[in-house]
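Work through the exercises below with the sequence and the model side by side. Try each task before reading its solution.

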Amino acid sequence: MSDGIQLFTPTYRVEECLAEIKECLERGWTGVGYKTIELEQAWTKYTGLPHAHFLASATAGLHLAVRLLKERGGWQDGDEIISTALTFVSTNHAILYENLNVVFADVDQYLCLDPKSIEAKITPKTRAVMFVGLGGNAGQLEEVVKLCKKHNLKLILDAAHMAGTRINGRHAGHEADVTVFSFHAVKNLPTADGGMICFAEESLDKEVRKWSWLGINKDTFSRTVAQGAYKWHYEVEVEGFKYHGNSIMASLGLVALKYLDRDNSYRRQVSAWYDELLGDSIEKVPTAPGCESSRHLYQILVDNRDEVMLALNESKIYPGVHYRVNTAYQMYAHGANSVPKATNASERIISLPLHMQMTRLDVEHICQTLKKIVQSMPAKKVVPAPAINMQPVG
Ligand SMILES: *Cc1c(COP(=O)(O)O)cnc(C)c1O
């Protein structure tokens, strides 16, 4: 513990990962196809979702989600997608990539989009809602589904935190027109980088496979396997992107998937210890009823957040913040003052350390330290922006 307790520490089953990767190297196949197909099949089997396509990242997936729905729906530049400001910037960048406007709605007690706020932001130009299951929480997703049906809007689910989240017993993703998961190193199903895009509609799943590989209509693997003089032959149908995943990352994903439920239940155990040991002394972000959260995050709310973080750092405890409200960034400043709850939360939230290598003793130590710090804090005062130990991404 000399390095202290970090926010996230990815756990890899090293020998099993190396065995999967070894198969790729021995076969001489590290690219798209082979293990990427195995992972797609394993993911649809695990989630029950009808389709899954493995990509280089969730950011790529969110971009393709917006791109394909825009094409299919005949949306125009300047049309609007309602989104949250309390997210990783990928969520909203994906909307900007396609020349659509981000309209921010506010969050509820789960720090997910509030359906009432969404409804108030709908205009004749609204085409879709981008919902983020923050920390693995489903929030009021079911209400948002109803709202989207009522107003004929598409629903994009940024499920970067939701690998393994179940809503009323079913894996997250069945609710949306398209769901995007992240398999980045710090997420619940760690590869190094990777993402999964799951369209509800089969034709869009077919389409996205083309878009993720520069618009080419069949992948190298099926060409290699194909017979005859024309096996080198392919058609380029659209100006797609180089967004597909590869077999090395898929190898890591195949191993991680075997442990996802076990890991998530340990995350829920750590969270239950936090709940128990923090008691009523610290305000916590609740999990929505009916949601078995992946527990990507354990979030609390405190006053004097930045001072509390610095004091924790002094005790070698390194929490995170998810997230700085996106309207604080220049490119999303048009939304400043439009989302007071998200803005307020952004100033008060802390994500406590949560990963597989933590023990009950770590949680006890963190809770005791945190309670002592919070009790010793004077009434909230303004301090200059301090240097906070931040994780690079996630
Ligand atoms: C991590 C994250 C992403 C991006 O995932 P990548 O796989 O790193 O591209 C998108 N949205 C949210 C909410 C995230 O936390």
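**Exercise 1.** Determine which atoms of alanine 58, aspartate 158 and histidine 161 lie close enough to the ligand to form polar contacts, taken as pairs of N or O atoms within 3.5 Å.

Solution. Begin with alanine 58, where a backbone N or O atom lies 2.9 Å from an oxygen atom of the ligand. Continue with aspartate 158, which places a polar side-chain atom 2.8 Å from a nitrogen atom of the ligand. Histidine 161 also uses a polar side-chain atom, and this atom lies 2.7 Å from an oxygen atom of the ligand. Finally, place these in their surroundings: 17 residues are around the ligand, a residue being near if one of its heavy atoms lies within 4 Å, and the ones that come nearest are Thr59, Asp158, His161, Ser182 and Lys187.

The model is a predicted one, in which local features need pLDDT of at least 70 and side-chain atom pairs count only at pLDDT 80 or more, while totals for chains, interfaces and linings use all residues. Residues are numbered from 1 along each chain as its sequence is written, and side-chain values use heavy atoms, with hydrogens and water left out.

**Exercise 2.** Classify the ring pair formed by phenylalanine 241 and tyrosine 243.

Solution. A pair of aromatic rings is described by the distance of the centres and the angle of the planes. Rings of Phe, Tyr and Trp (its six-membered ring) pair if their centres lie within 6.5 Å, and planes under 30 degrees apart count as stacked, over 60 as edge-to-face and the rest as tilted; by this rule the count comes to 11 aromatic pairs. For phenylalanine 241 and tyrosine 243 the centres are 5.0 Å apart and the planes are at 15°, so the pair is stacked.

**Exercise 3.** Decide whether leucine 312 is buried or exposed, and list its contacts beyond its neighbours within four places in sequence.

Solution. First locate leucine 312, which belongs to helix H10 (residues 305-314), helices being DSSP runs of H or I with at least four residues, numbered from the N terminus. Its relative accessible area is 0%, so leucine 312 is buried, given that buried means under 20%, exposed over 50% and partly exposed in between (1.4 Å probe, protein chains only). With neighbours within four places set aside, leucine 312 is in contact (heavy atoms within 4.5 Å) with Ile317, Pro319, Thr369, Leu370 and Ile373.

Technical notes:
A polar contact is a pair of N or O atoms within 3.5 Å; within protein, one must be able to donate a hydrogen and the other to accept it, and residues adjacent in sequence count only if both atoms are side-chain atoms.
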